[in-house]
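Trainee: I would be grateful for a close look at a single part of this structure. Please begin with one loop position and then place it in the wider fold.

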Amino acid sequence: MLRPGLLLDRDGVINEEIGYLHRIEDCRFIDGIFEMTRAFARRGFALAIVTNQAGIGRGLYGLDAFETLMRWVRDTFAHHGVTIDAVYHCPDHPSYGIGAYRRENSWRKPGPGMLLQAAADLGLDLAQSWCIGDRASDLEAGRAAGVGTLVLLDRSVRGLARGCAHWVAGSHSAIVELLEIDGRPAVAT
Ligand SMILES: [Mg+2]
């Protein structure tokens, strides 16, 4: 039986966006991220992180640094009672990648590849799933994958607002409110 999934962007959603984060000591979690993900987990959602990592392809840091950081991120979530079921990344960039990393890849958001792989691996019902990102390209990836509920986290906004085909939330607690109002709110198209 398929279950809903929460497909989370990393930088700007889980942690503060500092540009090419790759060191544990530079990671600052955004307020409310653990409470928000716990609310989804309580409703039976699988949790996956989907993150473009062109910094690897650009040679700014290695896959080992990314994996070490993500192991620590997953451990930190576990410490807060939240299991991250899977992490997907795409190191490629079509113009800035070095060597074999310079290529188009449908895994790179706005492509849907990482989300589709998560759905296959975790047995997700994408129409019942949510995608949360802080950029239009995150939502575009969600839309291309057929994710039912798209949420843009924009911390310059107060509370909740309706975009044309997505929600805009000013905080993680606003996303929890949205989840509580209606477990799976319809997305206007
Ligand atoms: Mg982001």
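Mentor: In this predicted model, I30 has 19 C-beta neighbours inside 10 Å and therefore counts as partly exposed. A residue would need 20 or more such neighbours to be classed as buried. The position of I30 along the chain is the loop between β1 (5-8) and α1 (33-42). Setting aside residues up to four places away in sequence, I30 touches V13, I14, N15, E16 and H172. For one of these partners, E16, the C-alpha atoms of the pair are 6.0 Å apart in space, while 14 residues separate E16 from I30 in sequence.

Two of the residues that I30 touches, V13 and I14, also appear among the contacts of L8, and this leads to strand β1. Apart from residues up to four places away in sequence, L8 touches V13, I14, L47, A48, I49, V50 and I132. Within β1, the residues G5 and L7 point one way, L6 and L8 point the other way, and all are buried. The chain crosses from β1 through α1 to β2, and this β-α-β crossover is right-handed.

The pairing of β1 accounts for further detail around L8. β1 and β2 pair in the parallel sense, over four bridges, and L8 stands opposite I49 in β2. β1 is also joined by three bridges to strand β4 (residues 130-133), again with the strands running parallel. There, L8 stands opposite I132 in β4.

L8 belongs as well to the largest nonpolar core, which holds 44 residues; L7, L8, L47, L115 and V151 are the members that touch the most others. Strand β2 (residues 46-52) gives the most to this core, with five residues. In soluble globular proteins, nonpolar side chains tend to be buried together.

A second loop position deserves attention beside I30. D134 lies in the loop between β4 and α5 (136-145). With 19 C-beta neighbours inside 10 Å, D134 likewise counts as partly exposed. Leaving aside neighbours within four places in sequence, D134 is in contact with D9, G12, V13, L152 and L153. V13 is thus in contact with D134, and V13 is also touched by I30 and by L8. D134 and A169 are 35 residues apart in sequence, with their C-alpha atoms 9.8 Å apart in space.

These local features sit in a chain of six helices and seven strands. From the N terminus on, the order of elements is β-α-β-α-α-β-α-β-α-β-β-β-α. The radius of gyration is 16 Å, close to the 16 Å that the globule rule gives for 189 residues, so the protein chain is as compact as a globular protein of that length. Along the principal axes, the C-alpha atoms fill a box of roughly 45 × 35 × 35 Å. Of the 189 residues, 38% count as buried. Among contacts with a separation of 6 or more, 61% are between residues 24 or more positions apart.

One helix offers a simple check of geometry. Helix α3 (residues 63-79) has 17 residues, which at 1.5 Å a residue should span 24 Å, and its end C-alpha atoms are 24 Å apart, so the two values agree. Just after α3, G81 takes a positive phi of about 80°.

Methods. Residues are numbered from 1 along each chain as its sequence is written. This is a predicted model: local features need pLDDT of at least 70, side-chain atom pairs count only at pLDDT 80 or more; totals for chains, interfaces and linings use all residues. Helices (H or I, at least four residues) and strands (E, at least two) are DSSP runs, numbered from the N terminus. A residue is buried if 20 or more other C-beta atoms lie within 10 Å of its own, exposed if 12 or fewer, and partly exposed in between; C-beta atoms are placed from the backbone. Two residues are in contact if their C-beta atoms, placed from the backbone, lie within 7 Å. The expected span of a helix is 1.5 Å times one less than its number of residues. The radius of gyration is taken over C-alpha atoms; the globule rule is 2.2 Å times the number of residues to the power 0.38. A nonpolar core is a set of buried Ala, Val, Leu, Ile, Met, Phe, Trp, Tyr and Cys residues joined through C-beta atoms within 7 Å. Two strands pair if DSSP finds at least two bridges between them. A crossover is right-handed if, with the strands pointing away from the viewer, the path from the first strand over the helix to the second runs clockwise.
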